[in-house]
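Visitor: Please pick one part of this structure and give me a close look at it. I am most curious about what surrounds the ligand, and about the empty spaces elsewhere.

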Amino acid sequence: MKFRKKIIAGNWKMNKTLADAENLASAIKLDLADCREVDVVLCPPFTALKTVGEVIADTHIKLGAQNMHWETSGAFTGEISPAMLRDLFCRYVIIGHSERRSIFGETDAMINRKLRAALAANLTPILCVGEALQERDSGRAVDVVRQQLTADLDGLKDEAKSIVIAYEPVWAIGTGRTATPEQAQEMHAHIRGVISELAGEEAASAVRIQYGGSVKPSNAAEIFRQPDVDGGLIGGASLEARSFVEIVKASG
Ligand code: PGA
């Protein structure tokens with residue numbers, strides 16, 4: 001099996017004022033500034049990107065955004081472009097988070113455009129996929145995830161290996177209910193299989209697949225130990241330095 005460096009990203013969502021963001025980034029930096037074994041990414045809200053970027057500038061920690069528009073500039077009130085994120089030294093961008101899909105109506109076609117724009121701007125997309133509870137309960141989880149991947153990655157065969165995928169079962173996000181390590185492994189292996197069909201074996205063995213959904217220090221190690229789990233996308237537990245650092249350490 002190809003070696004895949006683990007990647008842990010903190011998705012702060014719509015949390016943290018500027019002062020709180022600066023404090024959190026500084027506290028995380030104390031422990032993780034020199035972390036090289038794992039890729040560590042912080043995704044604060046847009047308003048805190050510059051400040052957090054400055055705090056982590058001289059470290060191995062990378063900056064990411066939570067969303068972006070696909071156009072470079074223009075009359076798109078309220079939107080942020082890939083070029084603007086590059087300007088703030090972002091390296092990653094979360095695309096297609098389930099909250100963007102369900103609350104803000106993002107479709108797979110929009111997500112496909114965002115992925116193309118992110119890659120063109122040299123940003124590494126973290127593409128989120130995952131099924132709702134009802135879809136799991138009715139035995140459709142693998143099909144839903146296959147459909148999302150197929151539509152989101154349409155025409156991106158050569159680029160697939162440079163995208164990070166986050167499997168986030170919607171029923172596990174912010175609910176305290178985590179997928180079991182077996183459920184996570186099963187879906188991650190399925191995702192790798194779909195990538196193999198879409199983009200070939202080499203891409204499938206290179207692509208990194210994070211698990212997300214109620215990851216905590218107490219369950220992280222067991223999930224990260226699964227062969228097809230290459231790290232995590234952490235929401236609630238990334239809002240506190242100690243729990244985020246413990247999760248990063250559990251992945252090493
Ligand atoms: P959670 O969120 O860790 O709070 O469940 C994960 C996510 O939505 O990325």
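**A close look around the ligand**

Guide: Let's warm up with one small contact: the side chain of Ser81 comes within 3.1 Å of the backbone oxygen of Thr72. Please keep in mind that this is a predicted model. Ser81 sits in the loop that runs between strand S3 (62-65) and helix H3 (82-87). Its relative accessibility is 5%, so Ser81 counts as buried.

Now to the ligand. A shell of 13 residues surrounds the ligand, and the closest of them are Lys13, His97, Glu168, Gly174 and Ser214. Sorted by type, this shell holds 4 nonpolar, 7 polar and 2 charged residues.

Which residues place a polar side-chain atom 2.7 Å from an oxygen atom of the ligand? Lys13 is one of them, with a polar side-chain atom at 2.7 Å from a ligand oxygen. His97 is another, where a polar atom of the side chain also lies 2.7 Å from an oxygen atom of the ligand. Glu168 joins in too: an N or O atom of its side chain is 2.7 Å from an oxygen of the ligand. On its own the ligand has 280 Å² of accessible area, and the protein covers 96% of that.

Let's take these neighbours in turn, beginning with Lys13. Lys13 belongs to the loop between strand S1 (7-11) and helix H1 (18-32). Its backbone deserves a glance, as the phi of Lys13 is near 50°, a positive value in a residue other than glycine. Most residues other than glycine have a negative phi.

Ser214, also among the closest residues to the ligand, has a positive phi as well, at about 55°, although it is not a glycine. You will find Ser214 in the loop between strand S7 (208-212) and helix H10 (217-224). Is Ser214 buried or exposed? Its relative accessibility is 15%, which is under the 20% limit, so Ser214 counts as buried.

That loop between S7 and H10 also holds Lys216. Lys216 has a relative accessibility of 31%, so it counts as partly exposed. If you would like a sense of distance, the C-alpha atoms of Lys216 and Thr124 are separated by 25 Å, with their positions 92 residues apart along the chain.

Next comes His97, which lies in the loop between strand S4 (92-95) and H4. His97 is buried because its relative accessible area is 5%. Besides its contact with the ligand, His97 has a side-chain partner in the protein: a polar contact of 3.2 Å joins the side chains of His97 and Glu168. Since Glu168 also has a side-chain N or O atom 2.7 Å from a ligand oxygen, you can trace His97, Glu168 and the ligand together on screen.

From here, let's turn to the empty spaces. Rolling a probe the size of a water molecule over the atoms shows where empty space is left. The largest pocket holds about 480 Å³ of space. Its lining is made of 19 residues, and those nearest its centre are Met14, Gln66, Asn67, Arg100 and Phe104. Which element gives the largest share of this lining? Helix H4 (residues 98-104) does, with 4 residues. By type, the lining of the largest pocket divides into 8 nonpolar, 7 polar and 4 charged residues.

There is also 1 cavity of 30 Å³ or more, and the largest cavity has a volume of about 30 Å³. Lining it are Leu153, Leu156, Lys157, Ala160, Ile195, Leu198 and Ala199. Of the lining residues of this cavity, 6 are nonpolar, none is polar and 1 is charged.

To finish, here are two places for orientation. In strand S2 (residues 39-43) sits Val41, which counts as buried because its relative accessibility is 0%. Val41 and Arg177 are 136 residues apart in sequence, and their C-alpha atoms are 24 Å apart in space. In helix H1 you can find Asp31, which counts as partly exposed because its relative accessibility is 44%. From Asp31 to Asp87 it is 56 residues in sequence and 27 Å in space, C-alpha to C-alpha.

Notes: Residues are numbered from 1 along each chain as its sequence is written. This is a predicted model: local features need pLDDT of at least 70, side-chain atom pairs count only at pLDDT 80 or more; totals for chains, interfaces and linings use all residues. Side-chain values use heavy atoms; hydrogens and water are left out. A residue is near a molecule or strand if one of its heavy atoms lies within 4 Å of it. A polar contact is a pair of N or O atoms within 3.5 Å; within protein, one must be able to donate a hydrogen and the other to accept it, and residues adjacent in sequence count only if both atoms are side-chain atoms. Accessible areas come from the Shrake-Rupley method with a 1.4 Å probe; for residues, only the protein chains shown count as cover. Ala, Val, Leu, Ile, Met, Phe, Trp, Tyr, Cys and Pro count as nonpolar, Asp, Glu, Lys and Arg as charged, and the others, Gly among them, as polar. On a 1 Å grid over the protein atoms alone, a cavity is a set of points where a 1.4 Å probe fits but cannot get out, and a pocket is an open set with protein on both sides within 12 Å along at least five of seven lines; lining residues have an atom within 4 Å of a point. Grid points are joined across faces, edges and corners, and a volume is the space filled by probe spheres set on the points. Helices (H or I, at least four residues) and strands (E, at least two) are DSSP runs, numbered from the N terminus. Buried means under 20% relative accessible area, exposed over 50%, partly exposed in between (1.4 Å probe, protein chains only).
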